[in-house]
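Visitor: I would like a close look at one part of this model, namely the way its helices pack against one another and what lies among them. Please take me through that slowly.

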Amino acid sequence: MKRDAWMYAFLLNNITIGALSTLISLYILYLGGGPYELGIAATALNLTSVPATVFWAKITDYLAKRKIFIVLGLTSTFLVTILYAFSRSFIEIYLVSALQGFLLNSAGPATGMLLIETRPKKFWNSGIAKLQINNGLGMVLGLVIGAFVREVCPFKETFIFFSVFALIS
């Protein structure tokens, strides 16, 4: 359906998120980190993700705006990917991870609400399935593309390469 074209932005966006899921860990190891540093980065991301989801759901519902929060979430992927490209210390990575956990969750509640508000109830399941397929496919493509790109590019250039997918989304 033409009205579902916006969902393809999530395919491109999740290519970047999929790549980030391993690139951040590899970058921490490259900088000399180990399990401790990996754990702090993952904790920073997850610690901000939980309250962020509640925050974004409440503000999205209160303002009754959907598209602006979806655009914020997609744009945030570009922003954090660029910030990772210029991070040179564990502290910077922890801060960007926390920012990622907070900002990227802005799209989730708005996406669900937009799906429900723009289609008849009998098409909710197919709309959610289509979005989840785009999300999952993007994640897998990001992992695969990331493995190849990282083989030929330094970390900074790899992060910048993937920021383009987020920017296009």
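**Helix packing and the pocket**

Guide: In this predicted model, a good place to begin is the contact between helix 6 and helix 7, where Gly142, Ile145, Gly146, Val149 and Arg150 of helix 6 meet Phe155, Thr158, Phe161 and Phe162 of helix 7. Sorted by class, this contact has 5 nonpolar, 3 polar and 1 charged residues. The axes of helix 6 and helix 7, the latter spanning residues 155–168, come within 10 Å and cross at roughly 145°, and the crossing by which helix 6 passes helix 7 is right-handed.

Helix 3 and helix 4 form another packed pair. Helix 3, residues 67–85, and helix 4, residues 90–103, have their axes 10 Å apart and pack at an angle of about 175°. An angle over 145 degrees counts as roughly antiparallel, and helix 3 and helix 4 are therefore roughly antiparallel to each other. On the helix 3 side the contact involves Gly73, Ser76, Leu79, Val80, Leu83 and Tyr84, and these meet Ile93, Val96, Ser97, Leu99, Gln100 and Leu103 of helix 4. The residues of this contact of helix 3 with helix 4 divide into 8 nonpolar and 4 polar, with no charged residue.

Next comes the pair formed by helix 2 and helix 5, whose axes come within 7 Å and cross at roughly 45°, which makes helix 2 oblique to helix 5. Their crossing is right-handed, and the contact is made by Thr53, Trp56, Ala57, Thr60 and Asp61 of helix 2 together with Pro109, Ala110 and Met113 of helix 5. Of the residues in this contact of helix 2 with helix 5, 5 are nonpolar, 2 are polar and 1 is charged.

Helices 2 to 6 appear again in the lining of the largest pocket, since each of helix 1 (8–30), helix 2 (35–63), helix 3, helix 4, helix 5 (107–117) and helix 6 (124–152) supplies at least two residues of that lining. The largest pocket has a volume of about 420 Å³ and is lined by 24 residues, with Leu104, Asn105, Ala107, Gly108 and Asn135 lying nearest its centre. Helix 5 gives the largest share of the lining, 6 residues. By class, the lining of the largest pocket has 10 nonpolar and 14 polar residues, and no charged ones.

How values were computed. Residues numbered from 1 in each chain as written. Predicted model: local features only at pLDDT ≥ 70, side-chain atom pairs only at ≥ 80, totals over all residues. Heavy atoms only, no water. Axes fitted to C-alpha atoms, helices over the stretch in contact; angles between N-to-C directions. Helix = DSSP H or I, 4+ residues; strand = E, 2+ residues; numbered from the N terminus. Parallel < 35°, antiparallel > 145°, perpendicular 65-115°, else oblique. Contact = heavy atoms within 4.5 Å. Nonpolar A, V, L, I, M, F, W, Y, C, P; charged D, E, K, R; others polar. 1 Å grid on protein atoms, 1.4 Å probe; cavity = no way out; pocket = protein on both sides within 12 Å on 5 of 7 lines; lining within 4 Å. Points joined across faces, edges and corners; volume = space filled by probe spheres on them. Left-handed = near helix turned anticlockwise from the far one by under 90°.
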